[in-house]
Amino acid sequence: MTPDPESPILQVQQAVHAYGGNTVLRGVDLTIRAGEIYALLGPNGAGKTTLIRAICGRLKPSGGQVRLAGGDPHSEPRVRACLGLAPQELALYPHLTVRENLEVFASLSGLRAAEVGPAVDAAMAVTRTADRAHVPVRHLSGGYQRRVNIAAAVLHHPRLLILDEPTVGVDMNAREAVDGVIRDLADQGVAVLLITHDLEQAGGLATRVGFLSEGQKVLEGEPAQLIAEAFGERMEVLVQVGADLTPYDEARLADLGLHRSRSGGAWSCLVEDGYGAAARLDKALKGAGLSVREIRVRQPSLQNLFSLISEDRRAA
Amino acid sequence: MTLAMFRVMALELWRDRGALVMAFFLPPLVFLIFSAVFSGTTGENIKLRIAVADVAHTETSRRLMAAMQADPNLRAEAVTPQTLEEVRRQVKSSEADAGLVIRADPGAEGSPIVILADPSRAVAAPLVQARTQQVMAKAMPDILLGRTVRDIGPALGDLTADQTANLKEAEKEARDDAAQGKPTDAESSMFVRDDVVGAKKGGGTIVYYAGAVTVLFALFSAMHGALTLIDERRSGIADRIMAGRAGMGPVVTGKFLFLALQAVVQASAIFATASIVYGTPLLPHIGLWCVTTAAAAICSGGLALGLVSVCRTRDQAQMLSTFVILVLAAIGGSMVPRFLMPPWLQAVGWVTPHAWVIDAYQGVLWRDEGINTLYKAWLVLGLTGAIGLMVAQITTRYARR
């Protein structure tokens, strides 16, 4: 029976879970459909790992329910055949070649012997790793290793693919290659649940994002729409100043409405009149004797939204 | 699925040449070393190094010196200078296992021979005494005869002229026989030795150490292989597999089969070496040997997986592995023969698989035991392995990183 493309492959309803007395999921809802790339965002300890474990059937939520392809992944092992997981670590055997690894995981995913070869070829094709088929995984570059990590999760043609930090520790080119693989898989109808701290990647890839904070989903929607709703016409002005700032200099930057960015190298603010504000800031900073290396104006990103939500949560 | 995991383990081992050598070449080598060392501790191959000095300088004492130096069962070396002090010094400094000083003519009355031994080698003195008596009985029967007659003289009274002449004749005959290498009357004794089971030289010890090294390395390699359970948990492989339909069950089973087969190959290599080098009668008992080996393999594979599966980290598992390998081997008799242990330690040893494996192999290849005796060891080993495997299956199902 062909699954209905409109029916959700994953439905999490009011999931609640606690370890000991510590509640880590507080009524989380999550729905993902075929062909969708859903980025689940949130700080460490937000409950992402527990939610993934519940979706993978590794634990049964103490409240609410998880439905994967219409079944319960915890009590019905057969529905887990619809699921592919690429963990954050390289979940591969380093001494084995790419092909050997994929053959092993194809067998472990329940494919029959006759299906293994074609499945391995298809997975290598979609992840563009066929040219390294006979290279031991430990000798591959970081980007190839990440793609093989994904290939091992799609051998059995899962309807839901969970990618946990799929580009952690790889360079820009490798990240773009991995992004391309994820898009191709979504185009083939695979629902992708992406867990990442890379908000730039999430903004560029995801059709929808969800913010998890302290076990609750605090925001969900299409990235562009969420940003527009949160920031309207405001633009972000980024200011790079000299490295040797005194506490007095920092106080003057704060007086001008600037906040230190999370990476610590730049100061920024969100303003209605982006370019006009940038010119005024440039003048004010020079007048204050601060050496300005760069001023940029750009559209707000998921990073800004993430910071906004974090600040709101802290304030609350 | 099970075969896929078996293949992973086999390929990982094949590509790690160090581990490959450790798994299959080291066990026969260690067995050869152990058997060479310990086959002598039972007295079969002991050749004591004796420092000898002749301070009597008589014809008879020279004969004894020459006979002792010629005896293939001793390593008698004349010291220089030929003094009691030099012999004492060599024994004290462990240059010699024991010392022997001929201080008077061996045929004379009293105690013409002094044996010097280090008290820490208590067995050396009686061994030297026994060997010297054997040498004298073989090479100097005339002297022994004369001493015997002299010893019993007070009970018999003075010899007549004819008896004295007969004694002289008998002494001459004994000396001639000894010179021609004929067996002498003095060599016969009230004891008759009957080696049990038509034993080959050192056979019991060889079988003991073949079994001891087999179980030692089976457990060592199994613990090393079982550590991959922790690696898979840490690398996310376990998460990937458990997210699938089958879970970790086939993975654990595949590992168990590989570890068991690895132990069988190790045992085959060790016992083939024992058979070739020492003539251990493997082929006539091959059926029972196979069952014993299978039981030992099941035990080592299951026990290793069960123990490693309850550890949370690699460090914990390695510490436990070291403890299990060393302590169980020491108590179970893989390092020192169990018959040398005090009785209470021998009793404690039965809680280790080592004792059961060694005893079962000795039962098969040395004591010619049958199924009706061996079944107990097979059951203990098989059940231990099955419980370990069951623990691993249950624990890995709920394992968290």
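Helices (H or I, at least four residues) and strands (E, at least two) are DSSP runs, numbered from the N terminus. The model is predicted: local features need pLDDT of at least 70, side-chain atom pairs count only at pLDDT 80 or more, and totals for chains, interfaces and linings use all residues. Residues are numbered from 1 along each chain as its sequence is written, while chains are lettered from A and ligands numbered from 1 in the order in which they are written.

**Exercise 1. Describe the overall build of chain A and of chain B.**

Step 1. Count the elements. Chain A has ten helices and 13 strands; chain B has 17 helices and four strands.

Step 2. Compare the radius of gyration of chain B, taken over C-alpha atoms, with the globule rule, which is 2.2 Å times the number of residues to the power 0.38. The rule gives 21 Å for 401 residues, and the radius of chain B is 30 Å, well over that, so chain B is more spread out than a compact globule.

Step 3. Take the extents along the principal axes. The C-alpha trace spans about 105 × 45 × 35 Å in chain B and about 75 × 45 × 35 Å in chain A.

Step 4. Assess burial. A residue is buried if 20 or more other C-beta atoms lie within 10 Å of its own, exposed if 12 or fewer, and partly exposed in between, with C-beta atoms placed from the backbone. Of the 316 residues in chain A, 41% are buried; of the 401 in chain B, 43% are.

Step 5. Look at contact range. Two residues are in contact if their C-beta atoms, placed from the backbone, lie within 7 Å. Among contacts with a separation of 6 or more, residues 24 or more positions apart account for 70% in chain A and 78% in chain B.

**Exercise 2. Characterise the side of chain B that touches chain A.**

Step 1. The contact takes 24 residues from chain A and 20 residues from chain B.

Step 2. On the chain B side, helix H1 (2-15) and helix H11 (237-242) each supply at least two residues. The largest share, six residues, comes from H1(B).

Step 3. Sort this side by class, with Ala, Val, Leu, Ile, Met, Phe, Trp, Tyr, Cys and Pro as nonpolar, Asp, Glu, Lys and Arg as charged, and the others, Gly among them, as polar. The result is ten nonpolar, seven charged and three polar residues.

**Exercise 3. Locate strand S7 of chain A and its partners.**

Step 1. S7(A) covers residues 191-195, and five of the five are buried, so this strand is largely enclosed by the rest of the structure.

Step 2. Separate its faces. A:Ala191, A:Leu193 and A:Ile195 lie on one side, A:Val192 and A:Leu194 on the other, and both faces are covered.

Step 3. Find the pairings; two strands pair if DSSP finds at least two bridges between them. Strand S3 (residues 37-41) of chain A runs parallel to S7(A), joined by four bridges, and A:Ile37 stands opposite A:Val192. Strand S6 (residues 160-164) of chain A is also parallel to S7(A), through five bridges, with A:Ile162 partnering A:Leu193.

Step 4. Relate the strands to the nonpolar core, a set of buried Ala, Val, Leu, Ile, Met, Phe, Trp, Tyr and Cys residues joined through C-beta atoms within 7 Å. The largest core has 158 residues, and A:Leu160, A:Val192 and A:Leu194 have the most contacts inside it. Helix H9 (residues 203-226) of chain B gives the most to this core, with 16 residues.

**Exercise 4. Lay out the sheet of chain B and the helices across it.**

Step 1. The sheet is open, has four strands in the order S2-S1-S3-S4 and shows mixed pairing. Its edge strands are S2 (75-78) and S4 (113-117), each of which pairs on one side only.

Step 2. Strand S1 (residues 49-54) of chain B runs parallel to S2(B), with four bridges between them. B:Ala76 in S2(B) is the bridge partner of B:Ile50.

Step 3. Place the helices, using axes that are lines fitted to C-alpha atoms, for helices over the stretch in contact, and angles from 0 to 180 degrees between N-to-C directions. Helix H4 (residues 59-70) lies across S1, S2 and strand S3 (98-102) of chain B, at about 165° to S1(B). Helix H5 (residues 84-92) lies across S1, S3 and S4 of chain B, at about 170° to S3(B).
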